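Colleague: Before we talk about details, could you put the structure in front of us, so that we can go through it step by step?

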Amino acid sequence: MAAEEQADIVVVGGISTDFLVQGPRLPGPGDRVEGHLFLESLGGKGANGAVGAARLGARVALIGRVGMDARGLALLEQLEGEGVDIRSVGRDAGEMTGVVLEMVDEAGRTQSLASPGANHCMKVADVMRAEERITAARVLLAQLEVPLDVVSAAVHIARAAGTRVVLDPAPAMDLPEDLLEAIHVIRPNAKEAEALTGVEVRDRDSARRAAENLLRRGVGGAVVASPDGSLVLWSEGELWLPDLALERADTTGAGDAFSAALAVAIAEGESLTEAARFAHEASALATLRLGALGGLPTRDQVESRLARLGPSGEWPESPHHP
Ligand SMILES: Nc1ncnc2c1ncn2[C@@H]1O[C@H](COP(=O)(O)OP(=O)(O)O)[C@@H](O)[C@H]1O
Ligand SMILES: [Mg+2]
């Protein structure tokens with residue numbers, strides 16, 4: 001996007017290099033397993049969210065930090081190549097660019113170890129420098145891979161300006177009430193929902209209990225991912241989105257795709273139900289390819305899936321039960 005252009009969506013979050021190896025099984029402690037596939041790509045939930053929203057056609061600006069190293073520079077180039085405005089991404093002279101080592105087995109189960117590097121050195125001042133951009137945007141998309149005071153500063157600026165906040169609360173942790181009260185829509189997976197609410201999310205009913213807890217604490221709406229589908233809850237109703245029957249490669253980044261698509265649809269003025277349906281299709285598409293970034297779908301891909309939905313808004317296939 002052109003330098004003077006205003007962003008519809010501002011993302012504040014982590015940027016890292018993802019190193020992924022796929023093998024027959026995940027190693028246990030002390031094990032060594034021979035893998036058969038290696039992928040290196042741009043990653044981090046901030047970057048995934050920004051690229052995810054840009055591929056869906058939104059004008060996106062990212063607030064974050066990388067190191068002065070070669071990896072940091074390469075990631076910035078890739079973000080620009082995806083059309084993300086990186087003027088608010090700082091370069092830290094004293095820290096390396098974040099890195100995530102990810103392992104995937106043949107069933108798509110994953111395990112990862114991260115070294116956040118520059119992401120953890122972000123300061124509230126980084127957000128304050130981008131205050132006007134948050135104020136002028138329609139949606140702020142955030143996750144929890146950068147310090148909580150940084151996320152909180154961005155969220156409160158957004159709240160005061162009427163910019164809607166979509167929060168993907170990963171990695172899992174509990175959050176202060178003042179932050180929850182400022183959230184338009186929160187999208188935890190099962191583990192994150194449990195860390196936030198204490199409710200063990202196993203199915204639709206337990207997902208609803210977790211979502212109800214979040215609404216009582218002030219969020220406008222919640223989308224809680226469970227092992228067999230996502231429960232969308234807001235003050236006036238609920239929507240159940242069963243997982244779709246697909247040949248999935250891995251679900252890593254599928255949640256990031258969901259949050260990005262939710263942010264895009266909300267920025268376009270869609271209701272939460274419409275936004276969640278759109279996001280559900282984007283998320284399902286993201287499971288088809290290995291790695292987070294490669295799976296983030298384009299607008300055309302999501303729309304052609306939506307166009308094939310039956311008149312009831314349901315997929316003709318039976319829901320997927322893992
Ligand atoms: N078959 C499927 N159909 C639709 N969505 C799916 C399917 N399998 C997984 N998902 C989605 O994948 C997402 C995984 O979320 P999450 O655990 O947050 O992933 P990540 O943080 O790695 O992006 C959920 O939103 C879930 O609904
Ligand atoms: Mg997630």
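Colleague: This is a predicted model, so let us begin with one residue: is Arg-289 buried or exposed?

Modeller: In this predicted model, Arg-289 sits in the loop between α10 (272–286) and α11 (292–295), where it touches Ala-249, Asp-250, Gly-294 and Gly-295, leaving out residues up to four places away in sequence. Its relative accessible area is 53%, and the label "exposed" applies over 50%. Because 53% lies over that cut-off, Arg-289 is exposed.

Colleague: UniProt lists Arg-289 in a "binding site" feature of an unreviewed entry, together with Asp-250, Thr-252, Ala-286 and Gly-291; what is the largest C-alpha distance among them?

Modeller: These positions are spread over 42 residues of sequence, and yet they cluster in space. The largest C-alpha distance is 9.3 Å.

Colleague: Why is Thr-252, from that record's list, called buried?

Modeller: Thr-252 is placed in the loop between β13 (237–242) and α9 (254–267), and, not counting residues up to four places away in sequence, it touches Glu-102, Thr-110, Gly-291 and Ala-292. Buried means under 20% relative accessible area. Thr-252 is therefore called buried, since its relative accessible area is 18%.

Colleague: With which side chain does the side chain of Thr-252 make a polar contact?

Modeller: Among the residues that Thr-252 touches is Glu-102. The polar contact runs from side chain to side chain at 3.4 Å, and the partner of Thr-252 is Glu-102.

Colleague: Another "binding site" feature, which UniProt gives in an unreviewed entry, includes Ala-47 and Asn-48; in which helix is Asn-48 found?

Modeller: Ala-47 is placed in the helix of residues 45–55, and it is buried with a relative accessible area of 0%. Asn-48 is buried as well, with a relative accessible area of 4%, and, leaving aside neighbours within four places in sequence, its contacts include Asp-256, a position that the record also lists in this feature. The helix in which Asn-48 is found is α1.

Colleague: Ala-47 touches Leu-79, among others; how many residues has the largest nonpolar core, in which Leu-79 is one of those with the most contacts?

Modeller: Leaving aside neighbours within four places in sequence, Leu-79 is in contact with Ile-15, Leu-42, Ala-47, Val-51, Leu-62, Val-84 and Ile-86. Several of these names, including Ile-15, Leu-42, Leu-62 and Val-84, return among the residues with the most contacts inside the core. In general, nonpolar side chains in soluble globular proteins tend to be buried together. The number of residues in the largest nonpolar core is 50.

Colleague: Which element gives the largest share of this core?

Modeller: Apart from this core lies another, of 42 residues, among them Val-10, Ala-158, Ala-207 and Val-219. In the largest core, the largest share is 11 residues, and they come from α9.

Colleague: Turning to the open sheet of 9 strands, which are its edge strands?

Modeller: The order is β5-β4-β1-β8-β9-β10-β11-β12-β13, with mixed pairing. Each edge strand pairs on one side only, and for the strand of residues 85–92 that side faces β4, to which 6 bridges join it in parallel. The edge strands are β5 and β13.

Colleague: At about what angle to β5 does helix α2 run?

Modeller: Helix α2, of residues 70–81, lies across both β4 and β5. The angle to β5 is about 175°.

Key: Residues are numbered from 1 along each chain as its sequence is written. Chains are lettered from A and ligands numbered from 1 in the order in which they are written. This is a predicted model: local features need pLDDT of at least 70, side-chain atom pairs count only at pLDDT 80 or more; totals for chains, interfaces and linings use all residues. Side-chain values use heavy atoms; hydrogens and water are left out. UniProt positions are given in the numbering used here, feature names are shortened, and annotations may be inferred rather than shown by experiment. Helices (H or I, at least four residues) and strands (E, at least two) are DSSP runs, numbered from the N terminus. Buried means under 20% relative accessible area, exposed over 50%, partly exposed in between (1.4 Å probe, protein chains only). Contact means heavy atoms within 4.5 Å. A polar contact is a pair of N or O atoms within 3.5 Å; within protein, one must be able to donate a hydrogen and the other to accept it, and residues adjacent in sequence count only if both atoms are side-chain atoms. A nonpolar core is a set of buried Ala, Val, Leu, Ile, Met, Phe, Trp, Tyr and Cys residues joined through side-chain atoms within 4.5 Å. Two strands pair if DSSP finds at least two bridges between them. Axes are lines fitted to C-alpha atoms, for helices over the stretch in contact, and angles run from 0 to 180 degrees between N-to-C directions.
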